[in-house]
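Got the model open in your viewer? Set it to cartoon, keep the selection box handy, and follow along stop by stop.

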Amino acid sequence: MIFLHIFTEEPSLKIVLEKLLPSLLHGNTSFKIYPHQGKQDLEKAIRRTIPSISKIPGSRIIITRDQDSANCLKLKAELDEIAKANCFCPYKIRIVCQELESWFLGDLDAIENAFQRFRSDNYRGKAELRNVDAINQPSEYLLKILPEFSGARHLPKLEVAEKVSQNMKIDRNRSTSFRHFIQSIRELTASG
């Protein structure tokens with residue numbers, strides 16, 4: 001039996017993963033998601049929670065964090081250094097480029113199905129959407145293009161995560177960061 005433990009920087013990723021993982025995981029794999037309240041909270045958990053969890057037979061761990069404006073390779077190396085000292089099972093670190101909302105922009109059909117006034121065809125050919133992981137502040141971009149939130153100052157992240165994740169398809173997402181995350185899950189749960 002494999003026990004997949006996923007550590008996230010924020011609660012909205014937990015919502016997304018609860019929708020996507022059941023269709024991706026085999027019957028011999030169970031999972032638990034540990035959402036945190038930001039980067040510092042996540043790093044504390046790597047030091048405090050992962051040591052005991054990683055000693056449970058069959059455990060596998062994925063640590064996720066938004067890239068935001070950080071250097072991706074440096075950020076991953078910093079997290080890996082902390083994990084190496086505290087994790088006693090197979091693990092992977094995945095950096096979400098730039099933010100979780102990049103994953104949503106990688107599946108325009110999911111956005112359209114979640115928000116009926118949004119028309120994905122109006123955005124498919126846009127140059128900035130060719131590489132959704134390169135969009136600076138994708139949550140602001142998403143806020144700008146969703147008619148349902150016209151005039152809003154902030155994107156309601158939990159609501160958007162709930163609605164969009166219900167419609168996401170693993171095989172059609174154009175976010176490289178998303179595809180790397182899915183590949184990491186497949187690799188960690190392939191044997192056991």
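Start by selecting isoleucine 6 and isoleucine 62: Ile62 is the bridge partner of Ile6 in strand S3. Keep in mind as you click around that this is a predicted model. Now widen the selection to the two strands around that pair, S1 (residues 2-8) and S3 (residues 59-66). S1 and S3 pair in the parallel sense, with five bridges between them.

Stay on isoleucine 62 for a moment. Which residue of S4 is the bridge partner of isoleucine 62? Select lysine 92 and you have the answer. Then show S4 (91-96) in full; S3 and S4 run parallel, and six bridges join them. To see how the chain gets from S3 to S4, colour helix H4 (residues 72-86): the path goes through H4, and this β-α-β crossover is right-handed.

Next, head over to the other side of S1. Pick isoleucine 2 and threonine 29, since Thr29 is the bridge partner of Ile2 in S2. Here the chain leaves S1, passes through helix H1 (residues 11-24) and arrives at S2, again as a β-α-β crossover that is right-handed. Select S2 (residues 29-35) alongside S1 and you're looking at a parallel pair joined by seven bridges.

With the four strands highlighted together, what is their order in the sheet? The open sheet reads S2-S1-S3-S4, with parallel pairing. S2 and S4 are the edge strands, each pairing on one side only. Tip the view to look across the strands and you can follow the twist, which averages 20° from one strand to the next.

Now for the helices that lie across the sheet. Select helix H2 (residues 39-48), which lies across S1 and S3 and runs at about 160° to S3. Then jump along the chain to helix H9 (residues 176-189): H9 lies across S1, S2, S3 and S4, at about 170° to S4.

The next stop is a single residue. Select alanine 161, which sits in helix H8 (residues 157-165). Is alanine 161 buried or exposed? Its relative accessibility is 0%, so alanine 161 counts as buried. Show side chains around it: leaving aside residues up to four places away in sequence, alanine 161 touches Ser12, Ile15, Val16 and Phe104. Then put a distance label between the C-alpha atoms of alanine 161 and proline 11; these residues are 150 apart along the chain, yet the label should read 9.5 Å.

Finally, zoom out and select the whole protein chain. There are nine helices and four strands here, and along the sequence they follow the pattern β-α-β-α-α-β-α-β-α-α-α-α-α. The radius of gyration is 17 Å, close to the 16 Å that the globule rule gives for 192 residues, so the chain is as compact as a globular protein of that length. Along its principal axes, the C-alpha trace spans about 50 × 35 × 25 Å.

Two colour schemes are worth a try before you close the session. Colour by burial, and 50% of the 192 residues come up as buried. Switch to a surface: the chain exposes about 9500 Å², with carbon and sulfur atoms supplying 47% of that. And if you draw a contact map, look far from the diagonal: among contacts between residues at least 6 apart in sequence, 76% join residues at least 24 apart.

Technical notes
Residues are numbered from 1 along each chain as its sequence is written. This is a predicted model: local features need pLDDT of at least 70, side-chain atom pairs count only at pLDDT 80 or more; totals for chains, interfaces and linings use all residues. Side-chain values use heavy atoms; hydrogens and water are left out. Two strands pair if DSSP finds at least two bridges between them. A crossover is right-handed if, with the strands pointing away from the viewer, the path from the first strand over the helix to the second runs clockwise. The radius of gyration is taken over C-alpha atoms; the globule rule is 2.2 Å times the number of residues to the power 0.38. Buried means under 20% relative accessible area, exposed over 50%, partly exposed in between (1.4 Å probe, protein chains only). Contact means heavy atoms within 4.5 Å. Accessible areas come from the Shrake-Rupley method with a 1.4 Å probe; for residues, only the protein chains shown count as cover. Axes are lines fitted to C-alpha atoms, for helices over the stretch in contact, and angles run from 0 to 180 degrees between N-to-C directions.
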